[in-house]
Amino acid sequence: MRGAYQEELASLAAGLMEMSRLVGSAIGRATTALLDADLTLAESVISGDTEVDDLQRDLEDRAIAVLARQQPVATDLRTVVTSLRMSADLERCGDLAAHVAKLARRRYPDRAVPGDLHRTVLEMGQLAQRLVAQAAETLLTLDVEAALRLEQEDDRMDELHRMIFQHLLDDRWQHGVETAVDVTLVGRYYERFADHAVSFARRVVYLVTGEHADEYVPDIEPD
């Protein structure tokens with residue numbers, strides 16, 4: 001019985017890893033669709049979001065079943081509750097990737113992002129994909145310090161987000177109001193995607209230590 005119970009807990013982590021892989025791929029492909037005006041790729045990201053939603057519902061059902069049957073306590077209870085919250089973060093990441101793809105589809109055959117912002121948006125997309133991969137790695141390794149460092153990595157996303165706004169406010173902006181709205185939305189989608197990746201990693205801190213990330217104080221080795 002104990003072995004089956006541990007398998008149930010392990011399956012929750014496996015489901016989270018699969019969701020992480022899917023949303024990481026989705027934001028990468030959505031970025032390419034956005035910058036290249038690739039309608040086929042955009043459609044594949046949009047339709048693929050259903051798989052992420054299905055995985056999240058399945059994980060939620062299994063987590064609730066574990067709570068009902070096993071009545072876990074201590075670390076096991078944290079594992080189940082944290083899995084539910086992590087899956088919600090990843091489901092939202094999938095939605096945000098789909099939003100990027102929908103913007104690419106809406107502006108097709110034109111490109112939603114003007115050429116002078118391509119490099120910035122490309123970096124945002126690459127960073128978003130890297131952050132969610134790193135967040136998933138912290139779950140795999142249960143590395144608290146790596147999970148905490150992810151918030152520092154997110155600082156670059158915030159910087160890129162500010163750069164977009166600075167560009168929009170520049171007197172030399174010549175791409176019109178509609179494009180300005182598109183670019184504002186794009187920046188927000190990537191910024192929120194990164195926030196959810198960081199939230200996922202912060203939950204690893206709670207899973208391992210029982211303390212919330214903003215309350216966690218690492219042990220300091222004596223001299």
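Helices are DSSP runs of H or I with at least four residues, and strands are runs of E with at least two, numbered from the N terminus. This is a predicted model, in which local features need pLDDT of at least 70 and side-chain atom pairs count only at pLDDT 80 or more, while totals for chains, interfaces and linings use all residues. Residues are numbered from 1 along each chain as its sequence is written, and side-chain values use heavy atoms, without hydrogens and water.

An unreviewed UniProt entry lists "domain: PhoU" at residues 16-103 and 121-204; such annotations may be inferred rather than shown by experiment.

| Residues | Helix | Strand | Distance between end C-alpha atoms |
|---|---|---|---|
| 16-103 | 94% | 0% | 27 Å |
| 121-204 | 90% | 0% | 28 Å |

The largest nonpolar core (buried Ala, Val, Leu, Ile, Met, Phe, Trp, Tyr and Cys residues joined through side-chain atoms within 4.5 Å) has 64 residues, of which Leu34, Val121, Tyr190, Phe193 and Phe200 touch the most other members. Two or more residues come from each of H1 (2-36), H2 (39-70), H3 (74-107), H4 (118-141), H5 (144-169) and H6 (176-209). Helix H6 gives the most, with 13 residues. Leaving aside residues up to four places away in sequence, Phe193 touches Val23, Ile27, Cys93, Leu96, Ala128 and Val132, contact meaning heavy atoms within 4.5 Å.

Val177 lies in helix H6. Val177 counts as exposed because its relative accessibility is 67%, where exposed means over 50%, buried under 20% and partly exposed in between (1.4 Å probe, protein chains only). With Val181 and Leu185, Val177 forms a nonpolar surface patch of about 250 Å² accessible area together. Such patches join nonpolar side chains (Val, Leu, Ile, Met, Phe, Trp, Tyr) within 5 Å, and like charges within 9 Å, among residues with over 30% relative accessible area and no salt bridge, that is, no side-chain nitrogen of Lys or Arg within 4 Å of a carboxyl oxygen of Asp or Glu. Areas follow the Shrake-Rupley method with a 1.4 Å probe.
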